[in-house]
Amino acid sequence: MKAKNVVIIFFVLTSIIFAQKTPYVILISFDGFRWDYCERGITPNLDKLQNEGVRAKSLKPVFPSKTFPNHYSIISGMYPEDHGIIANYFTNPFTHERYRVGDTVSVRQGKWYQGEAIWETARRNGIVTASYFWPGSEIELEYRRPNYFKYYEHNKTYKERIDGVINWLNLPQKERPHFITLYFHDTDSYGHDFGPNSIEINQSIKRLDSLLGYLNSEINKLETKDSIDIILVSDHGMTEVCKDKIINVDEILSDYKFRFDSGETFALIEPEENKLNEVYEILKKNENHFKVYLKNEMPEYYHFSNHQFITTIILIADLGWTVVNNKLLKSYTKSNTKGNHGYDNNELDMHGIFFAKGPHFKENYKIGTLLNVDIYPLLAKIFKINPRNNIDGKLERIEFILK
């Protein structure tokens with residue numbers, strides 16, 4: 001046999017063996033699914049998932065407990081002060097450019113994302129990846145995206161999303177992704193509009209639970225069904241808010257000029273440089289239903305002080321209170337917001353869920369609270385690849401859930 005043919009056969013066999021041994025992992029996000037939503041007696045598929053695998057009492061988000069910072073922390077293993085997505089809305093103070101959720105230009109610019117997503121790590125190790133929506137998956141740089149990805153469509157039906165994932169898993173073996181993300185916004189939308197204790201949120205919980213049942217039924221039709229790990233998380237929880245619990249920073253600082261970013265559950269405030277101490281002292285004297293910190297005095301447990309885009313003053317509203325300026329107050333007053341998130345991540349109402357099942361996970365195993373930054377090193381462990389060495393996540397805090 002010619003040497004060239006031997007080499008070809010060797011590489012073909014090697015690729016087949018690699019594909020067979022490489023695990024399949026589907027990482028699912030139920031946005032805004034609070035830690036206790038699965039304890040209302042209306043989630044039979046989540047109950048089944050718990051019995052077949054691992055369930056944490058809660059999944060602790062990073063601060064701020066907002067959607068984009070937390071999804072990117074889950075996928076990169078880093079705190080926002082390190083990966084750069086410090087809020088859903090924030091400003092680069094040097095260029096005055098804005099990052100804004102919903103702005104397709106800014107959310108696709110790779111310069112904002114200073115972490116490495118697990119799909120980047122996996123691709124460097126020859127693992128094919130895919131994403132049916134996830135913050136950071138639409139980056140304009142091809143090598144920083146999953147091999148397959150979808151541009152976010154808020155109104156894309158949930159069944160289409162699941163069918164899209166199943167279609168990927170039915171691709172020829174060489175083309176088939178081994179790591180896939182899947183995202184559903186339902187409980188976040190209904191939690192904001194109707195509150196976490198409403199009839200509407202219970203209907204949303206049931207809807208997502210039934211979708212989990214549909215996904216399981218479709219997976220069971222696959223030849224690889226026994227090789228697939230499912231990890232189900234949420235980025236944050238939700239709490240009740242009401243319109244009379246308002247903190248208007250413009251009223252408190254009526255005699256001063258300052259930049260106001262983010263808002264609602266926390267605010268990033270940048271006063272004129274020569275007025276910093278005055279502004280801080282005034283906010284400190286008026287500290288009622290909120291906490292105010294200088295950036296360099298921010299408690300270490302928030303992990304929110306080291307990034308250059310974080311303002312010199314950070315204001316965190318108490319649970320259920322809303323911090324605004326005059327501009328934000330107008331839009332907030334017109335809205336029908338009944339629930340919100342973004343508060344202190346130590347508040348239990350801000351915690352989400354963590355479930356996992358599959359060949360790598362223990363069965364019927366209930367544990368306490370996990371940290372979402374530890375999911376990235378967990379995924380690296382499952383795929384037997386080296387994680388980035390600059391992450392904040394720690395494998396030793398989570399690997400005990402593996403068989």
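These exercises work through the sheets, cores, one helix and the salt bridges of a predicted model.

Residues are numbered from 1 along each chain as its sequence is written, and side-chain values use heavy atoms, with hydrogens and water left out. In this predicted model, local features need pLDDT of at least 70 and side-chain atom pairs count only at pLDDT 80 or more, while totals for chains, interfaces and linings use all residues.

**Exercise 1. The eight-stranded sheet**

Give the strand order of the open sheet with eight strands, and state which strands stand at its edges.

Solution.
- Step 1: Take helices (H or I, at least four residues) and strands (E, at least two) as DSSP runs, numbered from the N terminus. Two strands pair if DSSP finds at least two bridges between them.
- Step 2: The order is β6-β5-β7-β1-β8-β17-β2-β18, with mixed pairing.
- Step 3: β6 (148-149) and β18 (365-371) each have a single partner strand, so one side of each is left without a neighbour in the sheet.
- Step 4: Look at β6. Two bridges join it to β5 (residues 129-132), and the two strands run parallel. A130 stands opposite Y148 in β6.
- Step 5: Add the helix. α2 (residues 44-52) packs on this sheet and touches β2 (54-60), β8 (228-233), β17 (354-357) and β18. Contact means heavy atoms within 4.5 Å. The direction of α2 makes about 60° with that of β17. For such angles, axes are lines fitted to C-alpha atoms, for helices over the stretch in contact, and values run from 0 to 180 degrees between N-to-C directions.

**Exercise 2. The four-stranded sheet**

Describe the pairing of the open sheet formed by four strands, and find the helix that packs on it.

Solution.
- Step 1: The order is β11-β12-β14-β13, and the pairing is antiparallel.
- Step 2: The edge strands are β11 (258-262) and β13 (290-294), each paired on one side only.
- Step 3: Neighbouring strands are turned by 20° against each other on average, direction ignored.
- Step 4: Inside the sheet, four bridges join β12 (residues 266-271) to β14 (residues 313-317). A267 stands opposite L315 in β14.
- Step 5: Helix α10 (residues 276-285) packs here, touching β12, β13 and β14. Its direction makes about 160° with that of β13.

**Exercise 3. The two sides of α10**

Which residues of α10 are buried, and what covers them?

Solution.
- Step 1: Apply the cut-offs. Buried means under 20% relative accessible area, exposed over 50%, partly exposed in between (1.4 Å probe, protein chains only).
- Step 2: V279, Y280 and L283 are the buried residues of α10. They cover an arc of only 95° around the axis, which puts them on the same side of α10. The arc is that of the directions from the helix axis to the C-beta atoms.
- Step 3: On the other side, N277 and K285 are exposed.
- Step 4: The cover over the buried residues includes α9 (249-252), β12, β13 and β14.

**Exercise 4. The nonpolar cores**

Identify the residues with the most contacts inside the largest nonpolar core, and list what F354 touches.

Solution.
- Step 1: A nonpolar core is a set of buried Ala, Val, Leu, Ile, Met, Phe, Trp, Tyr and Cys residues joined through side-chain atoms within 4.5 Å.
- Step 2: The largest core has 56 residues, and I231 and F354 have the most contacts inside it.
- Step 3: Helix α12 (residues 375-383) gives the most to this core, with seven residues.
- Step 4: F354 touches V54, R55, A56, L59, I231, L232, V233, L370, I375, L378 and I401, not counting residues up to four places away in sequence.
- Step 5: A second, separate core has 37 residues, including F33, Y132, I228 and L232.

**Exercise 5. Salt bridges**

How many salt bridges does a search of the whole structure find? Place R98–D261 and R144–E120 in the chain.

Solution.
- Step 1: A salt bridge is a side-chain nitrogen of Lys or Arg within 4 Å of a carboxyl oxygen of Asp or Glu. The search finds 25.
- Step 2: In R98–D261, the closest N and O atoms are 2.3 Å apart. R98 lies in β4 (residues 98-100) and D261 in β11, so the pair ties together parts 163 residues apart in sequence.
- Step 3: R98 is partly exposed at 37% relative accessibility, whereas D261 is buried at 4%.
- Step 4: In R144–E120, the closest N and O atoms are 3.2 Å apart. R144 is in the loop between β5 and β6, and E120 is in helix α5 (residues 118-124), 24 residues apart.
- Step 5: R144 is buried at 9%, and E120 is buried at 8%.
- Step 6: R34, D36 and D349 are linked in a network of salt bridges.
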